[in-house]
Amino acid sequence: MEWIKHYYTAYGLTIGSAITLAYLKEINPAQADLTVKQEQLPPHPPLQETKLHRAGLYARVAQNGPNQIWLDWGPLGQFLALDGRELIVQSTTTDESLLSLFTMSEAIGLLLFQRGYFLLHGSAVQLNGKGIVFVGEPGAGKSTTVAAFANRGVRIMSDDMVCIQINEQGKPYVIPAFSQIKIWEKSVDGLQLPKGVMDRVREGANKFSWHEPVSFEENAIPLEQIYVLTAATSETASQLVPVSQRPIELLSYFPLPETLLHGEPLKDHFEKSVLIANSTPLYRLSRPANFAKLYEFVEHLKTTV
């Protein structure tokens, strides 16, 4: 396809793209599993409001069945996800980094959802060949926690959205996303991270993108544990969630519009959540507000997982 200018790898897939996708690993031309192109979108059904927000914008969504989903970000533009294979972008912005930010978040998540992956709003690291996932409400400290691990030499797997695949034997694996952590300036300073190698996520924001020299895991890793981060306290304390409560807990951290979960997609998503709940310990973890205590937790988990 002549319009494809870049080839990348992320989420275990080869992506052929007409636009620049910042922080993804660029590769030689290859058969693309999914494509990203820019063109005028076809008319869509009525848009519905969502709770998704990014860079001060709230998204709206429309769909014509599970394999044709529109995501509208107001003045920035619209995305159309088709059959888990094609993402069409309609935008007039000349800010490549901003367009990349929106493309590689919920928009690409729509394609992963259509391909049958189980998605969580969270972050993940690889410890001793095992996938450790952190989920939580916005501001719970997911990226801060993963950044603390990264600064201690632990390989990261994803930040903001975790992609899980169930293999033929019914075992869940964490699929690596791409090497980037988006982190607020307060956490950058508190964790004493190398701000000099970071980029601002966008102009005027006090959030940074840490890409180099983050150590990144490029292989799918068995899912070992999930932590639900709760309000910060003076000490770290974890509580095992009963198996019967885990599916509902996992459903709470679906990173895409809730309106997508109905009919067969809801059935499939819930069945995967039950399978993961039955095979993976899930803990509620109060993250310490003290950065030194957070590093102690990192060192403790490194030696116990």
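Where does Ser179 lie? Ser179 sits in the loop between β15 (172–175) and β16. This is a predicted model, and that loop is a convenient way into it. Is Ser179 buried or exposed? Ser179 is buried, because its relative accessible area is 9% and the cut-off for buried is under 20%. Leaving aside neighbours within four places in sequence, Ser179 is in contact with Tyr23, Ile156, Trp210, His211, Val214 and Phe216.

Next comes the sheet that contains β16. Three strands form this open sheet, in the order β16-β18-β17. The pairing is antiparallel. The edge strands are β16 and β17 (199–200), and each of them pairs on one side only. A helix joins the picture here: α2 packs on the sheet and touches β16 and β18. The direction of α2 makes about 115° with that of β16. Between β17 and β18 (residues 207–210) there are two bridges, and these strands run antiparallel. Arg200 stands opposite Phe208 in β18.

After β18, the chain enters the loop between β18 and β19 (221–233), where Pro213 lies. A cis peptide bond joins Glu212 and Pro213, with omega about 0°. On the other side of β17 in sequence, the loop between α3 and β17 holds Gln192. Gln192 is not a glycine, yet its phi is positive, at about 55°. Gln192 counts as exposed because its relative accessibility is 68%, and the cut-off for exposed is over 50%.

Now turn to another open sheet. How many strands does it have? There are nine strands, in the order β3-β1-β2-β4-β9-β8-β7-β6-β5, and the pairing is mixed. β3 (25–26) and β5 stand at the edges with a single partner strand each, so one side of each has no neighbour in the sheet.

Follow the strands around β9. Strand β4 (residues 34–38) and strand β9 (residues 86–90) run parallel and are joined by four bridges. Val36 stands opposite Leu87 in β9. Strand β8 (residues 78–82) runs antiparallel to β9, with five bridges between them. Here Gln78 stands opposite Gln90 in β9. The hairpin of β8 and β9 has three residues between the strands. One of the loop residues between β8 and β9 is Asp83. Its phi is near 55°, a positive value in a residue other than glycine. Asp83 counts as partly exposed because its relative accessibility is 46%.

Another antiparallel pair lies further along the order. Four bridges join strand β6 (residues 57–63) to strand β7 (residues 68–72). The bridge partner of Val61 in β7 is Leu71. In a regular strand, side chains alternate between the two faces of the sheet. A helix also meets this sheet: α1 lies across β2 (13–17), β4, β5, β6, β7, β8 and β9. α1 runs at about 25° to β8.

What lines the largest pocket? The lining consists of 47 residues, and His53, His121, Pro138, Lys142 and Asp160 lie nearest the pocket's centre. Elements giving two or more residues to the lining are β5 (48–54), α1 (96–114), α2 (142–150), β16 (181–184) and α3 (185–190). The largest share, six residues, comes from β5, which is also an edge strand of the nine-strand sheet. By type, the lining divides into 19 nonpolar, 14 polar and 14 charged residues. The space in the largest pocket is about 1300 Å³.

Two helix residues complete the tour. Leu294 lies in helix α6 (residues 291–304). Leu294 is buried, because its relative accessible area is 0%. Not counting residues up to four places away in sequence, Leu294 touches Thr144, Thr145, Ala148, Leu191, Arg287 and Pro288. Leu294 and Arg246 are 48 residues apart in sequence and 25 Å apart in space, C-alpha to C-alpha.

Ala277 is in helix α5 (residues 264–279). Ala277 is also buried, because its relative accessible area is 2%. Not counting residues up to four places away in sequence, Ala277 touches Val243, Arg246, Pro247 and Leu250. Ala277 and Val243 are 34 residues apart in sequence, and their C-alpha atoms are 6.0 Å apart in space.

Methods. Residues numbered from 1 in each chain as written. Predicted model: local features only at pLDDT ≥ 70, side-chain atom pairs only at ≥ 80, totals over all residues. Heavy atoms only, no water. 1 Å grid on protein atoms, 1.4 Å probe; cavity = no way out; pocket = protein on both sides within 12 Å on 5 of 7 lines; lining within 4 Å. Points joined across faces, edges and corners; volume = space filled by probe spheres on them. Nonpolar A, V, L, I, M, F, W, Y, C, P; charged D, E, K, R; others polar. Pairing = 2+ DSSP bridges. Contact = heavy atoms within 4.5 Å. Axes fitted to C-alpha atoms, helices over the stretch in contact; angles between N-to-C directions. Buried < 20%, exposed > 50% of the residue type's maximum accessible area, 1.4 Å probe, protein only.
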